[in-house]
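Let's take a walk through this structure together. Have the sequence and the 3D view open, and we'll go piece by piece.

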2 protein chains.
Amino acid sequence: MISQLLEPKVDTTQVATHRKLLAAAAEVFAEVGFRAATVRQICERAGANIAAVNYHFGDKDALYAEVLKRAYAQALQKYPPDFGLPARATPEQRLRAFVRAFLLRIFDDGPHSHHGKLMAREMIEPTGALDGVVRHGIRPQADTLHDIVRELLGKGAGEKQIRLCSMSVVSQALFYHHCRPVVARMFPDMKFTAKQIEELAEHITRFSLAAIRGYAAAARK
Amino acid sequence: MISQLLEPKVDTTQVATHRKLLAAAAEVFAEVGFRAATVRQICERAGANIAAVNYHFGDKDALYAEVLKRAYAQALQKYPPDFGLPARATPEQRLRAFVRAFLLRIFDDGPHSHHGKLMAREMIEPTGALDGVVRHGIRPQADTLHDIVRELLGKGAGEKQIRLCSMSVVSQALFYHHCRPVVARMFPDMKFTAKQIEELAEHITRFSLAAIRGYAAAARK
DNA sequence: TGACATTTCAAACGCCTGTTTGAAACTGGC
DNA sequence: GCCAGTTTCAAACAGGCGTTTGAAATGTCA
C-alpha cells in the first residue's frame, strides 16, 4: 500500500497533531455538544497540548467549523444520496431506506461516524454554525425526504401537507437520539443495539407509511 | 377577596423575594435550560441580590428542584388528566385532546406555564433531577397515552407495539419544540402562532390515527 | 425605644473556561 | 553542524461561573 509507506512518516511529523485534534474534537462535540465540550478535554484525548487548538485552528469555533465541514464530506461518502437503491425503487422502498440510513447515521458509533450526531446536536443546541448546518447538512436530507413523501401522498397533496408529513417522519427518528436518557429510563430493555435500531427503523417506516396512506386516502374523498 | 387583603402585606415583607426568585427561575430554566441558566440572571430578573438564591434555597440545584416540584402541581391544575372530556369519550377524541394539551403545554407562554418546557428541557439535557422528572412529570403522561393507544390498536396489540406507537406520537410534538430554531429556519412562515399550533395538533392527531389504524389492520390479517 | 432575629447587600472566594505568551524542542535544507 | 522555520510546551491571563462572607439594613416584638 502506497498510503502505508507514505503516511507514517508524514503523520508522525507534520500533520499528526492536526489530524488527531480533528478526530478528538469530532468525538467530543458529537458526544456532549459544542458548549459542554472543552478544549482541554479535546486536547487531552488527542494527546496534544492545550495551546494546540489555538495554533492549528485559531480558536474553538474555527475547530468546530472545520469538524462540521469534514462531517458533510464523510456523510456523502458513507451514506450516498441514493442509499444504494436500484435506479427505479418504489417510494416505499426509498422511505424505508431513508429512515434506516437516518437512524444508522445517528446511532453509528464508528470512528468516522459523527455526522448524524453533530447534526442532531446542532438542532437542539444551535451555535453560530447553524445556518451552514441547515444549508449543507439538513436541507439536502429534507429535500430527499420531501420528494419521497410527495410521491407517496400523490398528486393532490399540497406543499404544506408534504412538509408536515416529512417532519413527522424525521421527528420519530430524532426522538430516540435526543431523548435517549429518558427512553432508557422508561424502558430499561431498550439498549439501542444494532438489532433494536433495525426494529425501530421498521416501526417508523411502517407507522409513517400507514399514516401517509391514510392521509392520501382521506384527501381523495 | 381575602387573598388580596392578606397577600400584599405578606408579599412585600417576608416571602416576596422567595416568590419572585421561583418565578424568575422557572422562566429562565424553561428558556435556556438548567446549565445555561445563571444564578446572576435569575436574581437580576427577580430584582434580588445574587446571594438571595443561597439564602432562600441553599444552592442552584435546590432552587431547580423546587421549581420542578411546583411545576408538577401547576400542570395538574392547568391540564387536568381527563382533559375536560366527557366521561365516555372515544379513544380518537382522547388522542386528539392529548396531543393538543401536550402541544399547548409546551408552547404556552403564559406566566405560570413552564411545566411543558421544563419537562422537554430535561429530556434533551438531563440533570440530576431526571429521575424525579420521569416519575412525576413524564410517566403519568406516558401512561395516559399508553391507555389511549392500547384502545386504538385493539386487543391483539402487544406491549412493545403500544410503546412504539406512543413514542411515535409524542416524538412528533416534541420535535417542534426541541428543533424550533431549525424549523423556523427551514420554513420562515412557521411562527408558532396559536392558530399554527392548532393546525399542528390536528396534523399530528390525524397522522397518528391513520398510522395506528393501519398498524391494527395489518396485525389483524 | 431598645433588643433581637431575619433578610439584604457589595465584595470577594475558588474554580473552570477559552485564549495567549514566550521560551523550549524539533524539523528540514545548506 | 548549523540555523531558520515550525511546532510544542508549561504557565499564566482575563472573564464567567456558583458560592460564601460579614456587615448593613430591615423587620418583629416587648
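What follows starts with one chain as a whole and then moves to its parts, its partner chain and the DNA.

First, some ground rules. This is a predicted model, where local features need pLDDT of at least 70, side-chain atom pairs count only at pLDDT 80 or more, and totals for chains, interfaces and linings use all residues. Residues are numbered from 1 along each chain as its sequence is written, while chains are lettered from A and ligands numbered from 1 in the order in which they are written.

Start with chain A. Its make-up is simple to state: 10 helices and 0 strands. Helices (H or I, at least four residues) and strands (E, at least two) are DSSP runs here, numbered from the N terminus. The C-alpha trace of chain A spans about 70 × 45 × 35 Å along its principal axes. Of the 221 residues in chain A, 38% are buried. A residue counts as buried if 20 or more other C-beta atoms lie within 10 Å of its own, exposed if 12 or fewer, and partly exposed in between, with C-beta atoms placed from the backbone. Two residues are in contact if their C-beta atoms, again placed from the backbone, lie within 7 Å. Among the contacts in chain A with a separation of 6 or more, 65% are between residues 24 or more positions apart.

Chain A is divided into domain 1 (1-58) and domain 2 (69-220), with bounds that come from an automatic or database domain assignment. The C-alpha centres of these two domains of chain A lie 30 Å apart. Where they touch, 8 residues of domain 1 of chain A are in contact with 8 residues of domain 2 of chain A. The domain 1 side of that contact has 5 nonpolar, 1 polar and 2 charged residues. For these classes, Ala, Val, Leu, Ile, Met, Phe, Trp, Tyr, Cys and Pro count as nonpolar, Asp, Glu, Lys and Arg as charged, and the others, Gly among them, as polar.

To get a feel for distances, find R19(A) in helix α1 of chain A. R19(A) is partly exposed, with 15 other C-beta atoms within 10 Å. Its C-alpha atom is separated by 50 Å from that of G214(A), which is 195 residues apart from it along the chain.

Now look at α8(A), which has 20 residues and reaches 27 Å from its first C-alpha to its last, close to the 28 Å expected at 1.5 Å a residue. That expected span is 1.5 Å times one less than the number of residues. There is a kink of about 25 degrees in α8(A), centred on Q172(A); the bend at a residue is the angle between axes fitted to the seven residues ending there and the seven starting there. Since 16 of its 20 residues are buried, α8(A) is largely enclosed by the rest of the structure.

Two loop residues of chain A deserve a stop. Most residues other than glycine have a negative phi. Phi of F83(A), though, is near 60 degrees, and F83(A) is found in the loop between α4 and α5 (91-107) of chain A. F192(A) also has a phi near 60 degrees, and lies in the loop between α9 and α10 of chain A. F192(A) counts as partly exposed, with 17 C-beta neighbours inside 10 Å.

How do the two chains meet? The contact takes 33 residues from chain A and 33 residues from chain B. On the chain A side, α6 (115-124), α7 (130-153), α8 (159-178), α9 (180-186) and α10 (194-220) each supply at least two residues. That side divides into 22 nonpolar, 7 polar and 4 charged residues.

Over in chain B, 12 of the 17 residues of α5(B) are buried, so this helix is largely enclosed by the rest of the structure. What covers those buried residues includes α4, α6 (115-124), α7 (130-153), α8 (159-178) and α10 (194-220) of chain B.

Finally, the DNA. A residue is near a strand if its C-beta atom, placed from the backbone, lies within 6 Å of it. Strand C is surrounded by 18 residues, and the closest are T38(A), D59(A), K60(A), T17(B) and N49(B). Strand D is surrounded by 19 residues, with T17(A), N49(A), T38(B), D59(B) and K60(B) the closest.
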